[in-house]
Amino acid sequence: MTRETTDVLLIGGGIVSATLASLIARLEPSWSVEVFERLDDVAAEASNGWNNAGTGHAALCELNYTPRTRNGSIEITKAVDVHEQFLITAQYWSSLVKEGALAAPSTFINSTPHLAFVRGDADRDFLAARHEALTSHHFFQSMDYSADSTTIEQWAPLLTRDRRTDESIAATYAAEGTDVDFGSITRQLFEDFTRRGGGLHTHTEVTALHRGTDGLWQVRSRDRTSGAVSVKRARTVLVGAGGWALKLLRSAGATEVRGYGLLPVSGTFLSTTAPEIVDQHQVKVYGKAPIGAPPMSMPHLDARIIDGQRSVLFGPFAGAIPKFLKNGSIWDLAGSLRADNLWPLTTMGVKNLNLVSLLARDLLATHASKVTALQAFAPSANETDWQAIVAGQRAQIVKPDTKGRGVLQFGTEVITSAEGTLAGVLGASPGASTAVPIALEILRRCFPQHVEAWETATLIDYIPSLRTSLASDPAFTEQVKEAITSSLDLDQPLAGKDR
Ligand SMILES: Cc1cc2nc3c(=O)[nH]c(=O)nc-3n(C[C@H](O)[C@H](O)[C@H](O)COP(=O)(O)OP(=O)(O)OC[C@H]3O[C@@H](n4cnc5c(N)ncnc54)[C@H](O)[C@@H]3O)c2cc1C
């Protein structure tokens, strides 16, 4: 039942809101929680299975998480951090499966080895050094490296078929990688939330927010079917609106986002369900982004399982469409310009001219040129087997540095405002894989008075490593990985080399 004042109002029906709704329903079952989603269904934007690459980002294959430093060594801090965050997310999912809140794990997560793949001597040397650096940490001990085409063929036959035998190639192989249908998880989390009495309102678009003198938020929304406008009062508002989060935070008067702008990056994938390709390619292969290109244009050839059906995706090909959501408006970018973000956006554009031209180039790419890019991974690829599909839209954060110049950010950022009664998530990567740490960060910031009790009484049962750093505890990591492998019914154990 809809009450006049709700304790928590969540804006958006993607994986971030779904995770927040699921956590709050467990931590404070007596709170009233409502979710407003503008589209006809949840998980229809970036969190939809077809709109993202479905990689359980655990830093097993993404080369941008392990840059080479000036002194030539490989920096693995970011990789260790992302791996730990994925393990937190996976522990929460495991607990929900055990509880019966999520269905059979194969409906949303499946073992799918992760490979990093490079060509040329320089990149082969980088990959060998990266492998050495990563395997010195217990998180990555099970990772293998090879520059031998016979071994690489066993890992991923499409990489070597029809390839010149004198070409220098190398790969790493992490059996413990996963493919995740984030759309399926999102839908299942919301089903569980509504079963527990939570209110989910689809085709309800939030158009404005403001805080009354009583400290409560007045949330104005419009029913996109009937056009009816209503106002709801809420004690706390959490904005999981993807690319439209900045607009809503601004509408709420959040001074914390002053100077912030967004760079929209559209994407397409090539997709195939041809049985001879799908049967041969049951791994995810990540390559290197071209020089000057953003990490999200790092090409990858991904085995996918969505709604139980296998396919292979290649891409994404980034482009410059000025929307902040796939179902957004072509006026999103223009409408986001303000006196305070014009200079940061302009200076970012000037500093990243190669990125801007890359987006424009990819926007103009033909089907044939996309298949040529694919052939660098799978030389035998045939144009007629692959179709283009439109991926989700990203809105990358551009924020001012200390001198007011715009800096492009590739991570996610949690913003809190108005004494913790308002929070929102900006940015995209590594995104859905780290939805649980993102949601926990929001809860810690908005409800600091409850955190100790929540963590010790409830959260620790759902996420056993919550108060420990797995990165510095190899024995506990083994225990946690074994528990995840078993609860999520994974074919390949998440475990060290000795297992
Ligand atoms: C091409 C691509 C590939 C990616 N690959 C991966 C990957 O392999 N692995 C990974 O972990 N992550 C990946 N990501 C990132 C990941 O998909 C996102 O980080 C994640 O899905 C974001 O979830 P969200 O809930 O914040 O946003 P979304 O899923 O976008 O949900 C936001 C919701 O808010 C709704 N909304 C917006 N404004 C309003 C309003 N005013 N009123 C009501 N509702 C509103 C929208 O309709 C939408 O349903 C990828 C993203 C893209 C685009």
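Reader: I would like to begin with a single residue and learn how to read its surroundings: does Asp340 count as buried, exposed or partly exposed?

Author: The general idea is a scale of relative accessible area, on which buried means under 20%, exposed means over 50%, and partly exposed lies in between (1.4 Å probe, protein chains only). Asp340 has a relative accessibility of 30%, so it counts as partly exposed. Before we go on, please keep in mind that this is a predicted model, in which local features need pLDDT of at least 70 and side-chain atom pairs count only at pLDDT 80 or more, while totals for chains, interfaces and linings use all residues. Residues are numbered from 1 along each chain as its sequence is written, and side-chain values use heavy atoms, with hydrogens and water left out.

Reader: Which residue forms a salt bridge with Asp340, and how far apart are the closest N and O atoms?

Author: A salt bridge is read from one distance, that of a side-chain nitrogen of Lys or Arg within 4 Å of a carboxyl oxygen of Asp or Glu. In this case the partner of Asp340 is Arg250, and their closest N and O atoms are 3.1 Å apart. Asp340 belongs to helix H10 (residues 339-351) and Arg250 to helix H7 (residues 245-251), so the pair ties together parts that are 90 residues apart in sequence. The names H10 and H7 follow a rule: helices (H or I, at least four residues) and strands (E, at least two) are DSSP runs, numbered from the N terminus. Unlike the partly exposed Asp340, Arg250 is buried, with a relative accessible area of 17%. Salt bridges can also share partners, and in that way Arg26, Glu99, Asp192, Arg195 and Arg196 are joined into one network.

Reader: How many salt bridges does the rule count, and where in the chain do Lys481 and Glu176 lie?

Author: The count comes to 29 salt bridges. Lys481 and Glu176 form one of them, with their closest N and O atoms 3.1 Å apart. This pair links distant parts of the chain, 305 residues apart, since Lys481 is in helix H15 (residues 474-487) and Glu176 is in the loop between strand S6 (169-174) and S7. Both partners count as buried, Lys481 because its relative accessible area is 2%, and Glu176 because its relative accessibility is 6%. Another salt bridge joins Arg163 to Glu167, at 3.2 Å between the closest N and O atoms, and Arg163 is buried at 11%.

Reader: How should I read the span of a helix, and what span should helix H2 have?

Author: The expected span of a helix is 1.5 Å times one less than its number of residues. For H2 (residues 77-99), with 23 residues, this gives 33 Å, and the end C-alpha atoms are 34 Å apart, which agrees. H2 is mostly covered, as 17 of its 23 residues are buried, and just after it Gly100 takes a positive phi of about 90°. Helix H6 (residues 182-195) agrees too, with 14 residues, an expected 20 Å and end C-alpha atoms 20 Å apart. Helix H1 has 13 residues and reaches 18 Å, close to the 18 Å expected; 13 of its 13 residues are buried, so H1 is largely enclosed by the rest of the structure.

Reader: Which elements cover the buried residues of H6?

Author: Ten of the 14 residues of H6 are buried, among them Phe182, Ile185 and Asp192. Their cover includes helix H1 (15-27), strand S2 (33-36), H2, strand S7 (178-180) and strand S8 (199-201). Such cover is read from contact, which means heavy atoms within 4.5 Å.

Reader: What is Trp50 in contact with, once its neighbours within four places in sequence are left aside?

Author: Trp50 is found in the loop between S2 and H2, and at 29% relative accessibility it counts as partly exposed. Its contacts, with those neighbours left aside, are Phe269, Ile306, Ser311, Leu313, Ile389, Val390 and Ala391. For comparison, Lys370 in helix H12 (residues 367-375) is buried at 11%, and on the same terms it is in contact with Thr268, Leu270, Phe314, Phe317 and Ala365.

Reader: How many disulfides does the structure hold?

Author: A disulfide is a pair of cysteine sulfur atoms within 2.5 Å, and the structure holds zero of them. Two cysteines may still be read for burial: Cys61 has a relative accessible area of 0% and is buried, and Cys446 is buried at 7%.
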